[in-house]
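Here are my notes on the model, for reading beside the coordinates. Please take the points in order.

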Amino acid sequence: MSVIVHSARIVDGGRETPDGWARWDDGRITHRGTGTGWCDHDGDTIVDARALAGPDAVLSPGFIDLHGHGGGGRSYEDGPDAVRAARALHLAHGTTRAVLSLATSTLDDLVDRLRMIAALTRTAPDILGSHLEGPFLAPGHRGAHAGDLLRAPDPETLDALLAAGGGTVRQVTLAPELPGGLDAVRRIVEAGVVAAVGHTSADARIATAAFDAGATVLTHAFNAMPGLHHRFPGPVGAALADDRVVLEIIADGVHLHPDVVRIAASAAVGRFALVTDAMAAAGAADGVYRLGALDVEVTSGVAHVAGTDTIAGSTLTQDAALRVAVAAGVPLVAAVQALTETPARVLGREDLGTLEPGRLADAVLLSADLRVARVWLGGEPV
């Protein structure tokens, strides 16, 4: 099926194209341009962006979430049906592709869940693979992870988990100061997987050593790690100073003050990714949920480990993260890049992240106030 979307502000690749149009056929972008040039092309479906989403409608690439645990009342850890339900919620909010994050649990449970996600990637193109957020985390910065299940990244455990994913583990978060941590970073990278520093007590020196060893992501920057101090820059300072590193940012108004979102975006231009870290309550009611091995209480849309004041993921969707970031002062083109091109680059997916010809036709049409009007996955409307 061929589709033409016209009369939109196309925002991609760090730029905005007024009165733009894009055409796709058989799931890939074939042409784009401005003005009435779209009239020279045939299309089975013609979409007037202004008629559908209002004046100043925005057409962006599909959003990519590097870090999320569920949504729509379901957790990615609870089996294929739960994954599909959670993904349906996030698809409706513009997240066309996602890496599914797994919180710390028993090794047997993690192996089973990695195998389940691996099987789903064979039939669900919107599922990019898995992210191990644990068990290789620092006890002092474990956040919403069960302390009794944490462990150092010994080669046998790491290899068993990577093998369970069958080539579909995309990212592993670990604390590099743990015994064997730097060797684990090298082992992860050699396996073709993204190594991320997070849930860590590392200072700037150790964080830099991890980046030198091949780590390229800072998991939910500022959270579950030492803060940025003017004499002790910590992992955040090390990441901001290193052009090789992408910082995950949770722009939900809870994890980070809006001023911090704006400062981080200004300091890491083209190197921050807006992630959700969403748990099951995203798009669902307040209540008690499960995240990994822990109970989580959600009140007024804010999740905490039951009986504590420890934040336990978010109830965020990526379109909401876009609105929060822009309201905080992040330029629209930079915020969209952080949802699209930057996470695609982290994953090495050159076929995603922009609306350039040859790319997969994942697209999101938004109103001027950045509300989702329509989503396409691989050229097909969601």
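1. Start with strand β11, residues 169–174. This is a predicted model, and in it β11 is mostly covered. Five of the six residues in β11 are buried.

2. Look next at the pairing with β10, residues 127–133. β10 and β11 run parallel and are joined by four bridges. To find the register, use L132, which stands opposite V172 in β11.

3. The link between these two strands includes a helix. β10, helix α4 (residues 155–165) and β11 form a β-α-β unit, and the unit is right-handed.

4. Now take strand β12, residues 194–197. β12 pairs with β11 over four bridges, in the parallel sense. Here Q171 of β11 is the residue to check: Q171 stands opposite V194 in β12.

5. Which hand does the unit of β11, helix α5 and β12 have? It is right-handed, with α5 spanning residues 181–190. β11 thus belongs to a right-handed unit with β10 and α4 and to another with α5 and β12.

6. Turn to the empty space. The structure holds one cavity of 30 Å³ or more. The volume of the largest cavity is about 30 Å³.

7. Which residues line the largest cavity? They are D65, H67, G68, Y76, H90, T95, A98, V99 and T276. Two elements each give two or more residues to this lining: β6 (63–68) and β9 (95–103).

8. A last remark on the character of that lining. By class, the largest cavity is lined by five polar, three nonpolar and one charged residues.

How values were computed. Residues are numbered from 1 along each chain as its sequence is written. This is a predicted model: local features need pLDDT of at least 70, side-chain atom pairs count only at pLDDT 80 or more; totals for chains, interfaces and linings use all residues. Side-chain values use heavy atoms; hydrogens and water are left out. On a 1 Å grid over the protein atoms alone, a cavity is a set of points where a 1.4 Å probe fits but cannot get out, and a pocket is an open set with protein on both sides within 12 Å along at least five of seven lines; lining residues have an atom within 4 Å of a point. Grid points are joined across faces, edges and corners, and a volume is the space filled by probe spheres set on the points. Ala, Val, Leu, Ile, Met, Phe, Trp, Tyr, Cys and Pro count as nonpolar, Asp, Glu, Lys and Arg as charged, and the others, Gly among them, as polar. Buried means under 20% relative accessible area, exposed over 50%, partly exposed in between (1.4 Å probe, protein chains only). Two strands pair if DSSP finds at least two bridges between them. A crossover is right-handed if, with the strands pointing away from the viewer, the path from the first strand over the helix to the second runs clockwise.
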